[in-house]
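Student: I should like to examine this structure step by step. May we begin with its overall form and then turn to its interior?

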Amino acid sequence: MTVQRRSSVFGKLATIMAVMMVLLMLITTGFFVLLVQPTLHGEMDPATAHLWLLGLSLSLLLGVVFTTQRVLEKLLRPLRHLNDGVTRLGEGDLAVNVPQTTRDEFGTLTAAFNRMAARVREMIVTRDQLLIDVSHELRSPLTRMKVALELMPDNEQKARLATDVAEMERMISGLLELERLRAGKGVTLVRRDIVPIVREVAASYANRAPGVELALDGVSEVVLDVDAEQLRTVMRNLLENAVKYSLPDSRAIRVSVSRKNGGAVVRVTDDGVGIPAEDAERIFEPFFRVDRSRSKESGGYGLGLSICKRVMEAHGGSITLQRSNGRGSTFVVAFPIAGQ
Ligand code: ADP
């Protein structure tokens, strides 16, 4: 059995202090021999000795400050790596792995952190796989239920069952779509003008309250590498939400297209209930709903925005929320320049 020699941060600090003390003793002796003794024996003029003393003390002080800073920087480097790791994990980067460079307490802490991150990763992968397996397995019984429903006499119970089956189907296809997008499939990029697509989807919501206002700001054509069908899905999800969460007295939903850094930005702004600050980071997570009872009433499962996020990532772009303190929200969809 090999016994791993562990070092301790406190041990290292004690060593540094001991080395400093020995150095201090040596330097004091040096001062005595080089300056004090010659002055006492009249071999050196006191003013010169004083100057030497000042100069040497200043150099010594600077040397100590510089060395301490370098030593502490090196000693605390693992803590900085760990801090970066914690920040990245907090931002949702599950692939984080902090390099373990020491075998002291910081090393132990780093190893524990890496084990924890790996466990979280494993749990999430297992959860996702379970969801996908269940979704696949549910497809056949759902098809059988739909066939059985066709054979039932038309009545209120049949209508209710049909609504439930349709809801389950929507949820399952949403989940499977999310998985397809994550696996890097489901998006085929073709160079095309996005303005007609945005215009067409916006027009299909024009007759639903509170209405849609399209602002092209002089932009007549924006050619990008996009999957037209997936762009329609993103636009529909955003407009559907904007309509769903608008209030009776809300202003019309505003859809704008503008150019940015060679790419484009599409903004969907509503004047609805708004999104609380504490939920702003989580709304793109699958199954996250701000108010579960409210969302259930409006028929949502919290999958729409996570699908939008995956679609935009597959385009090399992004989707973000700009919330306002009060009513209304703006979703900002950014596409990179074509050919990037
Ligand atoms: P859902 O199908 O439940 O609407 P989404 O993923 O599209 O799922 O949205 C997640 C949650 O974010 C919603 O349940 C809702 O609470 C909130 N949300 C999304 N868009 C808006 C919006 N425009 N205004 C207010 N809340 C919104």
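**Surface, form and core**

Student: How much accessible surface does the chain have, and what share of it belongs to carbon and sulfur atoms?

Tutor: Please note that the model is predicted. The accessible surface of the chain comes to about 21200 Å². The share that belongs to carbon and sulfur atoms is 60%.

Student: What is the radius of gyration of the chain?

Tutor: For a compact globule of 340 residues, one would expect a value near 20 Å. The C-alpha trace spans about 120 × 60 × 40 Å along its principal axes. The radius of gyration of the chain does not match that of the globule; it is 33 Å.

Student: What percentage of the residues count as buried?

Tutor: A residue is buried if its relative accessible area is under 20%. Of the 340 residues in the chain, the portion that meets this condition is 33%.

Student: Which helix gives the most to the largest nonpolar core?

Tutor: The largest nonpolar core has 48 residues, and Met-235 and Leu-239 are among those with the most contacts inside it. The chain has eight helices and seven strands. The helix that gives the most to this core covers residues 228-244 and supplies eight residues; it is helix H6.

Student: Which residue of helix H6 is in contact with Val-266?

Tutor: Val-266 also belongs to the residues with the most contacts inside the core. Beyond its neighbours within four places in sequence, its contacts include Ile-194, Val-257 and Phe-331. Helix H6 covers residues 228-244, and the contact of Val-266 in that range is Met-235.

Key:
Residues numbered from 1 in each chain as written. Predicted model: local features only at pLDDT ≥ 70, side-chain atom pairs only at ≥ 80, totals over all residues. Heavy atoms only, no water. Helix = DSSP H or I, 4+ residues; strand = E, 2+ residues; numbered from the N terminus. Rg over C-alpha atoms; globule rule 2.2 N^0.38 Å. Buried < 20%, exposed > 50% of the residue type's maximum accessible area, 1.4 Å probe, protein only. Areas by Shrake-Rupley, 256 points an atom, 1.4 Å probe, with all protein chains shown as cover. Core = buried A, V, L, I, M, F, W, Y, C linked by side-chain atoms within 4.5 Å. Contact = heavy atoms within 4.5 Å.
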